[in-house]
Amino acid sequence: MSGCLFCDILSGDKRSGIVYEDEHIAAFEDINPQAPVHVLVLPKRHYTGLNDAPAETSGRCIEAARRIASEKGIDNSGYRVVANCGSDGGQTVGHLHFHLLGGRRMKWPPG
Ligand code: 5GP
Ligand code: ZN
């Protein structure tokens, strides 16, 4: 979608940062990592967020996150997959994405 930061990343010259890609899904490192592993996993097609995407799309993202966690070697130590939704959820970029976080011990509850 025009004017969407993540659509721009997927179609532009920052594509070199992509760490995973298949027909439907792409993933790249977060620019402001909150953990040793912090990858953003998102559909190539634009959906504003969790409320708008079909379950199949969200499922594909989570499956890709699981694979990336394995590739990054954090599948056994553990990791967190998070989708922030809307303003109370803390979403700042309006293109559905899942955060894959790992490589350190996570705290709960989140802030
Ligand atoms: P949200 O706050 O919507 O859940 O997550 C947005 C994420 O996108 C944040 O963790 C933020 O650091 C990341 N981000 C914002 N701008 C860019 C960018 O230009 N490139 C990358 N790789 N990540 C970005
Ligand atoms: Zn987009």
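This is a short dialogue on reading features of a predicted model.

Q: Which atoms coordinate the zinc ion (ligand 2)?
A: Four residues supply the donors: C4 and C7 through SG, and H46 and H95 through ND1, at 2.0 to 2.3 Å. Along the chain these donors follow the spacing C-x2-C-x38-H-x48-H. The pair C4 and H46 links distant parts of the chain, 42 residues apart. C4 belongs to the segment before α1 (5–11), whereas H46 sits in the loop between β3 (37–43) and α2 (55–71).

Q: What is the geometry of the site of the zinc ion (ligand 2)?
A: Ideal angles for four tetrahedral donors are 109.5 degrees. Here the angles among the four donor atoms run from 105 to 117°, and the site is tetrahedral.

Q: Are the zinc donors C4 and H46 buried or exposed?
A: The cut-off for buried is under 20% relative accessible area. C4 has 6% and is therefore buried. H46, at 19%, also counts as buried.

Q: Where is H95, and what does its side chain reach?
A: H95 is in the loop between α3 (86–89) and β5. Its relative accessible area is 0%, so H95 is buried. Besides donating ND1 to the zinc ion (ligand 2), H95 has a side chain that reaches the backbone oxygen of P43 at 2.8 Å.

Q: How far from H95 is L50 in space, and how far along the chain?
A: Sequence separation and spatial separation are read as two values. L50 and H95 are 45 residues apart along the chain, and their C-alpha atoms are separated by 9.0 Å. L50 lies in the loop between β3 and α2. With 35% relative accessibility, L50 counts as partly exposed.

Q: What separates D13 and A53 in sequence and in space?
A: D13 and A53 are 40 residues apart in sequence, with 26 Å between their C-alpha atoms. D13 is found in the loop between α1 and β1 (18–21). The relative accessible area of D13 is 73%, so this residue is exposed.

Q: Which residues come nearest to ligand 1?
A: There are 16 residues around ligand 1, and D30, N84, T92, H97 and H99 come nearest.

Q: Which polar atoms of E29, N84 and T92 lie by ligand 1, and at what distances?
A: Backbone and side-chain contacts are read separately. For E29, a backbone N or O atom is 2.9 Å from a nitrogen atom of ligand 1. For N84, an N or O atom in the side chain is 2.8 Å from an oxygen atom of the ligand. For T92, a polar side-chain atom is 2.7 Å from an oxygen atom of ligand 1. On its own, ligand 1 has 520 Å² of accessible area, of which the protein covers 82%.

Q: Which residues of the largest nonpolar core touch the most other members?
A: In soluble globular proteins, nonpolar side chains tend to be buried together. In this model the largest nonpolar core has 17 residues, and those touching the most other members are Y20, I25, A27, V39, V41, I68 and L100. Two or more residues each come from β2 (25–29), β3, α2 and β5 (98–102). The largest share, five residues, is from α2.

Q: Where does V41 lie, and how far is V41 from F98?
A: V41 lies in strand β3. At 0% relative accessibility, V41 counts as buried. V41 and F98 are 57 residues apart in sequence, yet their C-alpha atoms are 5.1 Å apart in space.

Q: What kind of peptide bond joins W108 and P109?
A: Most peptide bonds are trans. The bond between W108 and P109 is cis, with omega about 5°. P109 is placed in the segment after β5.

Conventions
Residues are numbered from 1 along each chain as its sequence is written. Chains are lettered from A and ligands numbered from 1 in the order in which they are written. This is a predicted model: local features need pLDDT of at least 70, side-chain atom pairs count only at pLDDT 80 or more; totals for chains, interfaces and linings use all residues. Side-chain values use heavy atoms; hydrogens and water are left out. Donors are N, O and S atoms within 2.8 Å of the metal (3.2 Å for Na, K and Ca); water is not among the atoms, so sites may look incomplete. Four donors count as tetrahedral if all angles lie between 85 and 135 degrees; four count as square planar and six as octahedral if opposite donors are over 155 degrees apart and all others between 65 and 115; anything else is irregular. Helices (H or I, at least four residues) and strands (E, at least two) are DSSP runs, numbered from the N terminus. Buried means under 20% relative accessible area, exposed over 50%, partly exposed in between (1.4 Å probe, protein chains only). A residue is near a molecule or strand if one of its heavy atoms lies within 4 Å of it. A polar contact is a pair of N or O atoms within 3.5 Å; within protein, one must be able to donate a hydrogen and the other to accept it, and residues adjacent in sequence count only if both atoms are side-chain atoms. Accessible areas come from the Shrake-Rupley method with a 1.4 Å probe; for residues, only the protein chains shown count as cover. A nonpolar core is a set of buried Ala, Val, Leu, Ile, Met, Phe, Trp, Tyr and Cys residues joined through side-chain atoms within 4.5 Å.
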